[in-house]
Amino acid sequence: MSVASDTDSTPQRGGIMRLWYDSEARQVIIQIFTIAVLFALVFYLVRNAVINLDAIGKSLGFDFLFQPANYDINQSFLEYDSRSSNLKAAIVGLLNTFLVAGLGIFIATIVGFVMGVLRLSKNFLMNRLVYCYVEAMRNVPVLLWILLVHGFIVVNMPGPRQALGLGESFFFSNRGINMPSPLPEPLFWATAITFILGVIGAIVFKRYAKKIQDETGKILPVLYVSFGLIVVLPVIVYFITGAPLNWETPAMQGFNFQGGYVVKPELIALTLALALYTSAFIAETVRSGILAVNYGQTEAAGALGLRNNRTLQLVVIPQAMRVIVPPLTSQYLNLTKNSSLAIAIGYMDITATLGGITLNQTGREMECMILVMAIYLCISLAVSSFMNWYNNRIKLIER
Amino acid sequence: MSDAKSYEPGQHPSLPPPKNLVGWQRWVWDNLFGTVSNTVLTLLSVYLLYLIIPGMLDYFVLDAVISANSRAECAELGKGACWAFIGDRFQVFIYGFYPAELRWRPNLAFVLLFVALAPVLYDNIPFRKYGLMFSLAFPIIAGVLMVGGVFGLEPVDTRLFGGVLLTIVIGVTGITFSLPLGILLALGRYSNLPAIKIVCTVFIEFIRGVPLITLLFVASTMLSYFLPPGTSFDLLLRVLIMVTLFASAYMAEVIRGGLQSLPKGQFEAADAMGLKYWQTMRLIVLPQALKISIPGIVNTFIGLYKDTTLVIVIGMLDVLGVAKSAVSDPVWNGLSVEIYVFVAGFFFICCFGMSRYSMYLEKKLHTGHKR
Amino acid sequence: MAKVATSKVESENAIEVRQMHKWYGEFHVLKNINLTVKRGERIVICGPSGSGKSTMIRCMNRLEEHQQGHILVDGIELTNDLKNIDAIRREVGMVFQHFNLFPHLTVLENCTLAPIWVRKTPKREAEEIAMKYLERVKIPEQALKYPGQLSGGQQQRVAIARSLCMNPRIMLFDEPTSALDPEMISEVLDTMIDLASTGMTMLCVTHEMGFARKVADRVIFMDGGEIIEENKPEEFFTNPQNERTKLFLSQILGH
């Protein structure tokens with residue numbers, strides 16, 4: 001619609017010029033031209049690549065994925081040693097990417113929402129404090145935060161022998177955090193099952209409460225009952241069955257801790273830096289989302305007699321979420337993509353394994369980079385298509 | 001009960017508000033202690049400030065050591081931060097390994113940068129037209145100055161670029177070229193010609209879907225495969241191209257947002273006036289769309305500027321790279337926090353400055369809008 | 001401000017305002033307002049913009065806080081006491097200039113929201129009431145649409161229906177027609193006239209003088225934060241007492 005057509009005003013011209021002044025023909029010409037140029041360019045690049053690869057006697061192929069990787073990965077969810085294949089190394093790396101992204105998103109969301117709400121607080125001091133936090137976080141490169149946190153842990157934290165202890169079970173040192181790992185006894189299943197039943201019970205109760213409200217208008221205390229079912233009940237069962245959960249606490253042996261879980265400094269630094277950096281952006285998103293809800297909406301709800309918490313629950317939050325969710329997802333994606341900076345501190349994610357060591361050892365630049373980029377693209381496309389679906393679903397209906 | 005003094009209708013004077021409504025006491029009440037939750041927040045913030053400020057102040061300022069020759073000497077002089085390394089390494093932080101006797105060239109380029117920026121940023125400068133022409137020519141002038149090799153200037157290998165110099169080179173180049181490219185991409189994606197639309201969309205989504213670091217790897221490891229056999233070009237130039245492409249995809253999305261927020265009537269009115277496509281875009285659409293997207297554009301600039309640090313992953317030494325190598329210097333061993341805090345300060349000043357400028361611009365344009 | 005009347009005694013006056021003052025910071029917006037509205041009375045408030053009319057009626061359901069004097073609605077005094085505020089808001093409906101419908105809820109959900117969550121009405125019943133009032137404002141067929149799909153006039157009628165669903169004893173109208181296109185004003189005014197015929201107590205900030213003549217029991221003129229003049233509509237329009245009233249009337253009736 002934005003292309004002006006002037007077929008009517010132009011006098012008759014001959015041959016090709018006439019086609020050029022026909023609006024439809026012109027569109028077709030432009031498009032064919034674009035595609036032709038593009039194909040020529042791609043052809044040229046691919047031809048160069050083929051010639052260059054031939055010259056050094058390389059051929060494209062993904063066999064290297066099944067050859068032994070010959071390097072170690074210090075944190076892995078799967079059985080992995082240096083004889084495992086490159087493919088397995090890549091999978092381990094991908095899982096590590098998901099781990100750091102998942103943890104980071106979890107922390108960033110919580111911190112970001114709290115900061116965003118505090119930023120709107122009428123309290124002058126808190127308001128300013130959060131403002132400083134947000135500006136400091138987002139005006140410094142995330143890579144710098146990662147290196148800073150990592151450097152702080154590795155250089156400034158004490159060694160394992162002088163580790164800072166939190167009670168007798170958590171130890172902070174330059175080797176990371178050592179914490180107890182759970183050793184459940186057989187009877188522990190009772191608590192676990194109670195918890196699951198509690199969650200199911202809470203869902204059922206919420207539906208029941210909705211039904212009761214629809215029928216009689218009575219409003220049941222869903223929040224308290226859910227809390228009781230999900231938290232209090234399992235705790236009671238846990239103690240009735242005699243607290244059947246033991247913890248293996250880390251203990252000093254030689255120069256390092258033995259037993260329990262260890263969280264490596266790389267994972268801590270990466271997670272913390274990514275989460276706090278992203279939380280600053282989330283805080284701004286949340287703030288502007290809440291501000292985007294017209295104040296008249298709050299007033300109208302007030303005039304109808306809704307209390308503040310109900311106004312939030314029924315009127316402000318549902319509208320704010322529409323504004324918040326799309327930028328929030330792109331922040332999540334940014335965090336996931338930024339997790340590739342792991343390579344700078346030696347955390348073994350997908351970029352550091354497949355795109356780093358495997359690439360250097362096998363010399364398969366082309367294949368490795370294509371795979372790494374394809375994996376990130378798949379994650380991005382999956383998330384953004386989900387987002388489009390979600391946006392269409394919650395879009396405000398207007399005429 | 002208030003004073004019962006009565007006035008004729010329409011003659012009631014404005015009275016000062018009751019004492020408890022104004023003044024600093026009221027402000028304190030409203031902003032710090034008005035409600036229970038407010039009081040809790042105040043106490044919490046005071047506690048946080050108490051936790052953060054004195055410790056930080058002691059470590060980074062009061063107990064800090066400013067001049068010493070090594071880390072060990074620092075430790076003897078005081079127990080706070082050791083800033084001495086900055087004096088020691090200052091030249092490297094600024095210029096990288098740029099030959100000392102030629103440093104007047106980047107200095108001159110840096111001064112010219114401000115001359116070139118002035119007519120772009122402020123619109124009431126005399127001879128703005130000529131200024132803008134200079135701004136257009138600036139990238140070439142600066143490039144010639146820094147790299148040399150023509151007009152009798154001694155050539156300098158780009159591998160010697162480093163520190164703040166490299167950060168600014170990458171940042172400024174990316175910012176300069178990503179805006180026009182981003183505009184073209186946005187127009188392409190917004191176009192109603194399917195082929196162009198698809199090409200632009202695929203390009204934008206591809207770039208936005210992968211981390212910058214993978215693009216930099218491509219630039220450093222596999223780009224040479226796609227060039228005619230026997231040719232290769234400078235790594236810095238390859239990085240500049242990748243960074244520009246990367247930023248332009250984000251820029252395109254920001255500008256597309258601006259395009260979409262324009263009412264259809266604008267396009268219809270332009271068509272009705274008989275304007276051609278490019279006229280419509282240049283005269284009607286882009287001025288409005290760009291104005292709307294200023295905050296987003298500046299945010300993209302800031303993001304790009306921060307992303308320049310990623311070049312350390314492919315072995316280039318920008319500010320952060322210099323810092324990182326300083327951390328592992330045995331003489332200054334164990335100073336990671338000080339060094340990184342120093343670099344963080346540098347980035348904070350640059351980025352915060354940019355975001356402030358965008359807020360100023362928004363305000364200025366906003367009042368213009370009201371008129 | 002010590003007296004807190006919580007008695008539910010049926011008072012004769014719907015609204016009683018005594019010596020009420022309000023400031024925005026240093027600015028004295030409402031000066032010594034005294035106003036008594038009888039049950040079933042219909043009052044039109046007019047005056048130039050910035051005269052404090054909207055602020056005044058917004059004080060009556062505590063969307064704005066007053067700083068001196070007393071406001072009693074239905075015999076309940078408005079203070080900081082949340083119980084009183086809740087009680088008053090249940091009894092007082094309000095219609096806004098910009099409708100303030102909730103765009104994420106359908107018309108029907110807009111109408112049932114407050115009955116369900118404030119009055120704790122069963123859903124079915126709340127929907128029946130809502131449909132009754134939507135029929136009353138003549139748009140039952142739009143019940144399942146979203147506010148964004150309706151015209152301005154229709155939206156304002158939904159807003160009126162939404163307030164009526166709470167079964168209020170008093171209705172406040174804050175310039176209900178000034179954001180509407182001319183052809184839509186009459187449909188909203190018709191709805192309001194219809195409402196007036198049921199004996200509802202109404203306070204209406206509006207410049208629709210035809211409406212004032214037809215419906216109002218009293219017209220109040222405000223300027224500079226004061227009530228300058230109040231009178232029966234006939235008297236008010238034909239024989240204004242105060243100079244400022246004359247000037248104002250000549251300006252809005254002049255063409």
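**Entry 1: chain A and chain B**

I began with the contact between chain A and chain B, which takes 62 residues from chain A and 67 residues from chain B. I note here that the model is predicted. I then looked up the buried area for this pair: chain A and chain B bury about 5500 Å² between them. Carbon and sulfur atoms give 72% of that area.

Next I asked how many salt bridges the rule counts between chain A and chain B. The count is zero. Polar contacts gave another result: I found 14 residue pairs in polar contact between chain A and chain B, with both residues at pLDDT 80 or more.

I wanted to know which elements of chain A give two or more residues to the side that touches chain B. I wrote down helix 2 (23-55), helix 4 (124-138), helix 5 (142-156), helix 8 (265-292), helix 10 (308-338), helix 11 (350-362) and helix 12 (365-394) of chain A. Helix 2 of chain A gives the most to this side, with 13 residues. I also sorted the side of chain A that touches chain B by class, and it has 39 nonpolar, 16 polar and seven charged residues.

**Entry 2: chain C and chain A**

I turned to chain C, where 32 residues are in contact with 30 residues of chain A. The area buried between chain C and chain A is about 2800 Å², and 61% of it comes from carbon and sulfur atoms. Which three residues supply more than any other three of the area that chain C buries against chain A? They are Phe102(C), His104(C) and Trp117(C), and they supply 24% of it.

I counted two salt bridges between chain C and chain A. I looked up Arg58(C), which forms a salt bridge with Glu299(A). The closest N and O atoms of Arg58(C) and Glu299(A) are 2.2 Å apart. For polar contacts across the interface of chain C and chain A, I noted eight residue pairs, both residues being at pLDDT 80 or more.

I then listed the elements of chain C that each supply at least two residues of the side touching chain A: helix 2 (82-91), strand 6 (92-95), helix 3 (107-117), helix 4 (123-136) and helix 5 (152-164). Helix 3 of chain C has the largest share of that side, four residues. By class, I have 17 nonpolar, eight polar and seven charged residues on the side of chain C that touches chain A.

**Entry 3: the domains of chain B**

I last went inside chain B, where the domain assignment gives domain 1 (19-84) and domain 2 (88-98 + 156-365). I noted that the C-alpha centres of domain 1 and domain 2 of chain B lie 36 Å apart.

Twelve residues of domain 1 of chain B are in contact with ten residues of domain 2 of chain B. These two domains of chain B bury about 780 Å² between them, with 64% of it on carbon and sulfur atoms. I found zero salt bridges across the interface of domain 1 and domain 2 of chain B, and zero residue pairs in polar contact with both at pLDDT 80 or more.

I checked which elements give two or more residues to the side of domain 1 of chain B that touches domain 2 of chain B, and recorded helix 2 (36-62) and helix 3 (71-77) of chain B. By class, I wrote down eight nonpolar, three polar and one charged residues for the side of domain 1 of chain B that touches domain 2 of chain B.

Technical notes:
Residues numbered from 1 in each chain as written. Chains lettered and ligands numbered in written order. Predicted model: local features only at pLDDT ≥ 70, side-chain atom pairs only at ≥ 80, totals over all residues. Heavy atoms only, no water. Contact = heavy atoms within 4.5 Å. Buried area = accessible area lost by both parts, 1.4 Å probe. Salt bridge = Lys/Arg side-chain N within 4 Å of Asp/Glu carboxyl O. Polar contact = N/O pair within 3.5 Å; in protein donor to acceptor, adjacent residues only side chain to side chain. Nonpolar A, V, L, I, M, F, W, Y, C, P; charged D, E, K, R; others polar. Domains from an automatic or database assignment.
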